[in-house]
Amino acid sequence: MPVKKHVTGALLSAATTGFKAVFQAAFKAVEPVWKKIAEEVNSNTSIETYEWLGAIPGMREWIGERVINRLEENAYMLKNKKFEGTIAVSRDAVSDNQLGTYSLAFKGLGEGAAQHPDELVFQALKEGAIKPCFDGQNFFDTDHPVMVAGEEASVSNFEDGAGPAWYLLCTTKAVNPIIYQNREDPELISQDDPKTSHHTFMQDEFLYGARTRGVAGYTYWQLAFMSKQPLTAANFAAARAAMATLKDDHGKSLGIVANLLVVPPQLEGDADEIVSVKRTTGGKDNVHYGKAEIMMTPWLS
């Protein structure tokens, strides 16, 4: 009677190659959303320091000497985090060439790795009322310190309330309001040597894991407004006006015009009523029609 073969190198190599191909195909098929609201920064170390964050730079009439804008002494820092997703594949499944069902798992892992920046960016937006930005205040706060006519004052980009949060963003400037700090792109790593893997020896399975490093944070709070008040035309107009009237330390307009209304699924209908219909329910022209693009995202649920 012929001896049944165990897992061969060729069979295992083919399985690993197939899993990586499925992972990559699913990864590339995803169209990320985060780039519409976040600035990508390629990181080269464990912690990045954003000394350039402070007052939004601009031009002024040159009278007398130059006004020098220096980098912030107490700079904003973001520390990269590590993330993983791991799949165990039975050694018997490889030996018996029964790997079809595992392809679905690797497809899901690839999709999840591609959507991971979306998750981080929108989580940062969602937590903006409890996470600090460059000025030491929470990104969404009622008392950001600013200079008005040479004296310090407070400015708000946050309205508290009992309802689900919605956001107005300005994404037409050189910098977007959120940072996605990318340290290492996702990759799929295998632990599939049956002769040297301790895990395979003990558990009789092979491991495949995706890993990535990065973090999300904030740039200028002036580019964003968060409200937990009802999403009404009046509240939308008030938030948009608040952003448009912001000035720099010299009293000059920052030229901020909110162009993106970001909402969770439960507010999509309210958002449509405000900016997507040409006429109101009473038949009048909708003065807010087309003033902002709607972005509905399940990441804010």
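The following is a working chat about selected residues and one helix pair in a predicted model.

Biologist: How do α1 and α3 pack, at what angle and with their axes how far apart?

Modeller: Helix α1 covers residues 9–29 and helix α3 covers residues 100–126. The angle between them is about 40°, and their axes are 7 Å apart. That angle makes α1 oblique to α3.

Biologist: Is the crossing left-handed or right-handed?

Modeller: The crossing of α1 and α3 is right-handed.

Biologist: Which residues make the contact?

Modeller: From α1, the residues are F19, V22, F23, A26 and F27. From α3, they are Y102, S103, F106, K107, L109, G110, E111, A113 and A114.

Biologist: And by class, how many are nonpolar, polar and charged?

Modeller: The contact of α1 with α3 has 10 nonpolar residues, 2 polar residues and 2 charged residues.

Biologist: Staying with α1, is A14 buried or partly exposed?

Modeller: A14 is in helix α1, and A14 is partly exposed, with a relative accessible area of 48%. Its C-alpha atom is separated by 50 Å from that of F134, and the two residues are 120 apart along the chain.

Biologist: Change of topic: where is T219?

Modeller: T219 is in the loop between β10 and β11, the latter being residues 224–227.

Biologist: Is T219 buried or exposed there?

Modeller: T219 has a relative accessible area of 0%, so T219 is buried.

Biologist: What does the side chain of T219 reach?

Modeller: It reaches the backbone oxygen of N176, at 2.6 Å. N176 is also among the residues in contact with T219 once neighbours within four places in sequence are left aside. The others in that list are W52, L53, F134, F139, V175, P177, I178 and I179.

Biologist: How far apart in space are T219 and D143?

Modeller: Their C-alpha atoms are 17 Å apart, with the two positions 76 residues apart in sequence terms.

Biologist: Where does D204 lie, and what is its phi?

Modeller: D204 lies in the loop between α4 (198–203) and β10 (205–218). Its phi is positive, about 60°, although D204 is not a glycine. D204 is partly exposed, with a relative accessible area of 36%.

Biologist: Next, N286. Which elements does its loop lie between?

Modeller: N286 is in the loop between α6 (268–275) and β13 (293–296).

Biologist: Why is N286 classed as buried?

Modeller: N286 is buried because its relative accessible area is 11%, and the class requires a value under 20%.

Biologist: Which backbone atom lies 3.0 Å from a polar atom of the side chain of N286?

Modeller: That atom is the backbone nitrogen of H288. Not counting residues up to four places away in sequence, N286 touches E273, I274, V275, V277, K278, R279 and T280.

Biologist: Finally, which strand holds L260, and which residues is L260 in contact with?

Modeller: L260 is found in strand β12, residues 260–263. Leaving aside neighbours within four places in sequence, L260 is in contact with K36, I37, Y167, L168, L169, T171, A292, E293 and M295. L260 is buried, with a relative accessible area of 3%.

Biologist: How far apart are L260 and T281, in sequence and in space?

Modeller: L260 and T281 are 21 residues apart in sequence, and their C-alpha atoms are 23 Å apart in space.

Methods. Residues are numbered from 1 along each chain as its sequence is written. This is a predicted model: local features need pLDDT of at least 70, side-chain atom pairs count only at pLDDT 80 or more; totals for chains, interfaces and linings use all residues. Side-chain values use heavy atoms; hydrogens and water are left out. Helices (H or I, at least four residues) and strands (E, at least two) are DSSP runs, numbered from the N terminus. Buried means under 20% relative accessible area, exposed over 50%, partly exposed in between (1.4 Å probe, protein chains only). Contact means heavy atoms within 4.5 Å. A polar contact is a pair of N or O atoms within 3.5 Å; within protein, one must be able to donate a hydrogen and the other to accept it, and residues adjacent in sequence count only if both atoms are side-chain atoms. Axes are lines fitted to C-alpha atoms, for helices over the stretch in contact, and angles run from 0 to 180 degrees between N-to-C directions. Angles under 35 degrees count as roughly parallel, over 145 as roughly antiparallel, 65 to 115 as roughly perpendicular and the rest as oblique. A crossing is left-handed if the near helix is turned anticlockwise from the far one by less than a right angle, and right-handed if clockwise. Ala, Val, Leu, Ile, Met, Phe, Trp, Tyr, Cys and Pro count as nonpolar, Asp, Glu, Lys and Arg as charged, and the others, Gly among them, as polar.
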